[in-house]
Amino acid sequence: MSANIAIDVDRLKKQFRVQKNREGLAGAMKDLFKREYTDVTAVKEISFQIPQGEICGYIGENGAGKSTTIKMLTGILVPTSGGLRVNGHIPHKEREAFVKGIGVVFGQRSQLWWDIGVIESFQLLRKVYKVPEAEYRKRLTELVERLKLADLLHRPVRKLSLGQRMRCELVAALLHNPSILFLDEPTIGLDILVKTEIREFLKEMNQEHGTTILLTTHDLQDIEALCSRVIMLDDGRIIYDGNLTDLKTKWSKGREIQFQFGTQVKLPQLEQLTAGLEGVQWKLVNEVTAVLWLPMAVNVSDAMARVVVVGDIRDIKIFETNTDEIVREIYQTEKTPT
Amino acid sequence: MNPAYVDIIRIRFLMMLAYRVNYYSGIIIYAINIGAYYFLWQAIYGNQEVLGGFTINQMTTYIAVSWMARAFYFNNLDREIADEIRDGSVAIQFIRPYNYLMVKLMQGLGEGLFRLLLFMVPGMVVVCLIFPVTLPTDPTVWGWYLVMLFFSFLINTQINMLTGLFAFFVENNTGLIRMKRVLVDLFSGVIIPMSFFPGWLEGIMKWLPFQAITYLPSSVFTGRTPISEAGAVFGLQVLWCVLLAVPILAVWRAARTRLFVQGG
């Protein structure tokens, strides 16, 4: 294994035993004496490697196995089988030594102490991670300044807004200067301002400290803003691993051109213009505006050439399919067995 | 040992201070309990001098001391652990470089110390003024008792942890927690001293850890068990402490591999 691999996952698998509840009173009585279980495989032999300093997005639908993977990578869950090395440690075996080198933020769970002031939580974490006082001061000042937390430090966590809490969670996860940061849906439920702020902050952390970041998210803008690489998971398997641009070209089926004409246009008239171009579709937005959908196979210039002969065109806009749509598309196609 | 553990005690102490209403209502509840049992035993004794090896005075002292001790060793760690397992927040505890059970123990200690200082000590003064309680004058008895009280706390906390950790294996262990609470109160001797149980039950009790929580230390304190036997009582407490650690560690190990974090 090369030294600069931060996360090395090899045929990782996690199976859960889920208790089956039998129906009705008779079933409940049977359950009392003999339980039946079904095995559910949440993660099915996935493999990937993440080099140091990379920001990698880990996406997939609810229940695809993202959180289970993160929990194995952070040593919370013990894998059923497969190899796993994070920072050179086997997470669940050398837990205490291992967790000192990582930071974790769960968007849906707070790791701060609910009833005490934020600063008290930080100080407790300083002791938990045995961070030297001077280093702690320096780091705290830097983080507090960057995330604008100075006013919040003495408030109890339960009185913070979600956005404020999330920024504090980030500080809590980074106080001991971890080399890998795991983020499980860090921007869930946040407004756009806080989201942007957090993205900016993560990018800076990555550039200045070389922190490796693995994040799961449902917000693809997180991915677009941050990630050089995307791993897409579906039903416990990796269905895509690569960069975002490739994902778009590979899965995107087409794009749209919007024309605004000077005079009123009718659908048959427009369809006639592009007759012969395979798979194109027109849609009228209003009397003078129409949208032309082009599959990847058709050149934008070919289509334009056909339409501009109309002459009176006020405006043209080209829309690329956005990542959200692509991903939705992928999820839907993966659902139907091919 | 991680210096953070001391801080965890401190923080729990501060948190207890923050919830003052609980504190005041606790005082009232304990006062009522001690009063009720005092009058109950008065009625039971009637004209009799000695019952179950206790004189009425020893009994009054036993009740007051046992309830006050309960204030120190009692905690809700069973429920706290079960809740954290059920709602999945136990996962957060695994990403920190400390031992979860140790943290819980320290939280319990913080709570216990709070009650010892702000509840037991003033409470005992009040109780001594109202009821005919005779406290021992021998400092060795006091010394032994304080050490034993700490071990009462340890044993009770261990039983709580074991009960709480069962949440890893059963979906809902509220029933188990309730049952345990009744068992501990009844069999530890807070409600009735062991010597009042029928012979066979008393025999069984000797083989269970509960008596080491209240009955044995309180008997030493009230002078029913001579101080010369205090060493043996203490030895029994230590033995239970060690014995109980075994299943806790076993359950903890097993739980690690089958930890199912609920809610995704």
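Chain A contains an open sheet of 4 strands in the order β11-β12-β10-β13, with antiparallel pairing; strands are DSSP runs of E of at least two residues, helices are runs of H or I of at least four residues, and both are numbered from the N terminus. Two strands are said to pair if DSSP finds at least two bridges between them. The edges are held by β11 (281-284) and β13 (313-320) of chain A, each with a single partner strand, so one side of each is left without a neighbour in the sheet. From one strand to the next, the twist averages 20°; axes are lines fitted to C-alpha atoms, for helices over the stretch in contact, and angles run from 0 to 180 degrees between N-to-C directions.

The model is predicted: local features need pLDDT of at least 70, side-chain atom pairs count only at pLDDT 80 or more, and totals for chains, interfaces and linings use all residues. Residues are numbered from 1 along each chain as its sequence is written, while chains are lettered from A and ligands numbered from 1 in the order in which they are written.

Within the 4-stranded sheet, β11(A) is joined to strand β12 (residues 289-295) of chain A by 4 bridges, and the two run antiparallel. Gln281(A) stands opposite Trp293(A) in β12(A). The loop between β11 and β12 of chain A holds Asn286(A). Asn286(A) counts as exposed because it has 8 C-beta neighbours inside 10 Å; a residue is buried if 20 or more other C-beta atoms lie within 10 Å of its own, exposed if 12 or fewer, and partly exposed in between, with C-beta atoms placed from the backbone. Asn286(A) is 193 residues from Lys93(A) in sequence, and their C-alpha atoms are 64 Å apart in space.

**Domains and the second sheet**

The domain assignment of chain A gives domain 1 (5-249) and domain 2 (254-320); such bounds come from an automatic or database domain assignment. Taken over C-alpha atoms, the centres of domain 1 and domain 2 of chain A are separated by 45 Å.

Another open sheet of chain A has 6 strands in the order β5-β6-β7-β3-β8-β9, with mixed pairing. Its edge strands are β5 (102-106) and β9 (237-242) of chain A, each of which pairs on one side only. Neighbouring strands of this sheet are turned by 15° against each other on average, direction ignored. Three of its pairings are set out below.

| Strand pair | Sense | Bridges | Facing residues |
|---|---|---|---|
| β5(A) and β6(A) | parallel | 5 bridges | Val105(A) and Leu183(A) |
| β6(A) and β7(A) | parallel | 5 bridges | Asp184(A) and Thr216(A) |
| β3(A) and β7(A) | parallel | 4 bridges | Tyr58(A) and Thr216(A) |

Between β6(A) and β7(A), the chain crosses through helix α7 (residues 192-209) of chain A, and this β-α-β crossover is right-handed. That term applies if, with the strands pointing away from the viewer, the path from the first strand over the helix to the second runs clockwise.

Strand β7 (residues 212-216) of chain A is largely enclosed by the rest of the structure, because 5 of its 5 residues are buried. Thr212(A), Leu214(A) and Thr216(A) point one way from β7(A), whereas Ile213(A) and Leu215(A) point the other way.

Arg229(A) lies in strand β8 (residues 229-234) of chain A and counts as buried because it has 20 C-beta neighbours inside 10 Å. Not counting residues up to four places away in sequence, Arg229(A) touches Glu54(A), Cys56(A), Gly242(A) and Asn243(A); contact requires the C-beta atoms of two residues, placed from the backbone, to lie within 7 Å. Asp246(A) is 17 residues from Arg229(A) along the chain, with 9.8 Å between their C-alpha atoms.

**Helices and the contact with chain B**

Helix α6 (residues 162-174) of chain A lies across β5 and β6 of chain A, running at about 160° to β5(A). The buried residues of helix α4 (residues 118-128) of chain A include Phe122(A), Leu125(A) and Arg126(A). The buried residues of α4(A) pack against α5 (133-146) and α6 of chain A, together with α1 of chain B. Just after α4(A), Lys130(A) takes a positive phi of about 50°.

The contact between the chains takes 23 residues from chain A and 22 residues from chain B. On the side of chain B that touches chain A, the elements giving two or more residues are α1 (4-18), α5 (90-94) and α11 (230-258) of chain B. The largest share of that side, 6 residues, comes from α1(B).
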